[in-house]
Amino acid sequence: MTEKRSGVSTRSSRVIKARPEELYEVFVDPDALVAWLPPGTMTGKVHAFDARVGGGYRMSLYHPPDERSFRGKTSDREDMVNVRFVELAPPRRLVEAVSFVTTDPAFFGEMTIVVTFDEVPGGTDVTFLCENLPPGLRPQDNEAGSRLSLEQLARRFE
């Protein structure tokens, strides 16, 4: 059991022109997830996927070769994460426990991502609440990455 730390949190949201059921599905489909989740010009690869509470996935996010300002957490250009599904409540809420595969103590620990899908006029308000960010993960970088992922998710439906 890991000790709970009180850490920094970020919140990002976007209204997307789709039903909550449609949006929820792309969070529990590995092919869909790898197509929209990697932020910006990053790419991804899902190594394992088990869509049930207690299951989860392992995914690598790869920085583009021309990226100069960021260094990967797992290797020079790679951020690998282990994600455990803590709660799956289709189509309204999904809770993930996320940890980086790294040797850098600044990125140790488990953060929680709560994703909610609230139906609103014109679509669904999708919100990422990221809690207990590891100390090495700058909140502004996490928030920017979440916004980029939400933009890509919106493009998938709009």
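# Strand S7 and its surroundings

Student: Where is Glu131 found?

Tutor: Start with how this is read: the model is predicted, local features need pLDDT of at least 70, side-chain atom pairs count only at pLDDT 80 or more, and totals for chains, interfaces and linings use all residues. Residues are numbered from 1 along each chain as its sequence is written, and side-chain values use heavy atoms, with hydrogens and water left out. Strands here are DSSP runs of E with at least two residues, helices are runs of H or I with at least four, and both are numbered from the N terminus. On that basis, Glu131 sits in strand S7.

Student: Is Glu131 buried, partly exposed or exposed?

Tutor: Buried means under 20% relative accessible area, exposed means over 50%, and partly exposed is in between (1.4 Å probe, protein chains only). Glu131 has a relative accessible area of 28%, so the label is partly exposed.

Student: Which residues does Glu131 touch, not counting those up to four places away in sequence?

Tutor: A contact needs heavy atoms within 4.5 Å. The C-alpha atoms of Glu131 and Thr112 are separated by 5.1 Å, though the two are 19 residues apart along the chain. With residues up to four places away left out, Glu131 touches Val8, Ser9, Met111, Thr112 and Val114.

Student: Then how many of the eleven residues of S7 are buried?

Tutor: Asn132, with a relative accessible area of 13%, is buried, and this residue belongs to S7 too. Asn132 also has a phi near 60 degrees, which is positive in a residue other than glycine. S7 is largely enclosed by the rest of the structure, because the number of its residues that are buried is nine.

Student: What is the order of strands in the open sheet?

Tutor: Strands of a sheet pair through backbone hydrogen bonds, either parallel or antiparallel. Two strands count as paired if DSSP finds at least two bridges between them. This sheet has seven strands, its pairing is antiparallel, and the order is S1-S7-S6-S5-S4-S3-S2.

Student: Which strands stand at the edges?

Tutor: Look for the strands with a single partner strand: one side of each is left without a neighbour in the sheet, so the edges belong to strand S1 (8-16) and strand S2 (43-50).  Neighbouring strands of this sheet are turned by 20 degrees against each other on average, direction ignored (axes are lines fitted to C-alpha atoms, for helices over the stretch in contact, and angles run from 0 to 180 degrees between N-to-C directions). To repeat the names, the edge strands are S1 and S2.

Student: How many bridges join S6 to S7?

Tutor: The two strands form a hairpin with two residues between them, and Gly122 in the turn has a positive phi of about 90 degrees. Val115 stands opposite Phe128 in S7. S6 and S7 run antiparallel, and the bridge count is nine.

Student: And in S7, what is the bridge partner of Ile16?

Tutor: S1 and S7 run antiparallel, joined by eight bridges. In S7, Ile16 is partnered by Thr124.

Student: Which helix lies across S1, S6 and S7?

Tutor: Ser12 is in strand S1, and at 4% relative accessibility this residue counts as buried. Beyond four places in sequence, the residues Ser12 touches include Val126, Glu143, Ser146 and Leu150. The helix across these strands covers residues 139-157 and runs at about 20 degrees to S1: helix H3.

Student: Which residues have the most contacts inside the largest nonpolar core?

Tutor: A nonpolar core is a set of buried Ala, Val, Leu, Ile, Met, Phe, Trp, Tyr and Cys residues joined through side-chain atoms within 4.5 Å. This one has 34 residues, and those with the most contacts inside it are Phe27, Trp36, Val115, Val126 and Leu153.

Student: What does the radius of gyration of the chain come to?

Tutor: There are three helices and seven strands in the chain. The radius is taken over C-alpha atoms, and the globule rule is 2.2 Å times the number of residues to the power 0.38. For 158 residues the rule gives 15 Å; the chain is close to that, so it is as compact as a globular protein of that length, with a radius of gyration of 15 Å.

Student: Where is the cis peptide bond?

Tutor: Pro91 lies in the loop between strand S4 (78-89) and strand S5 (93-100). Omega is near -5 degrees for the cis bond, which runs from Pro90 to Pro91.
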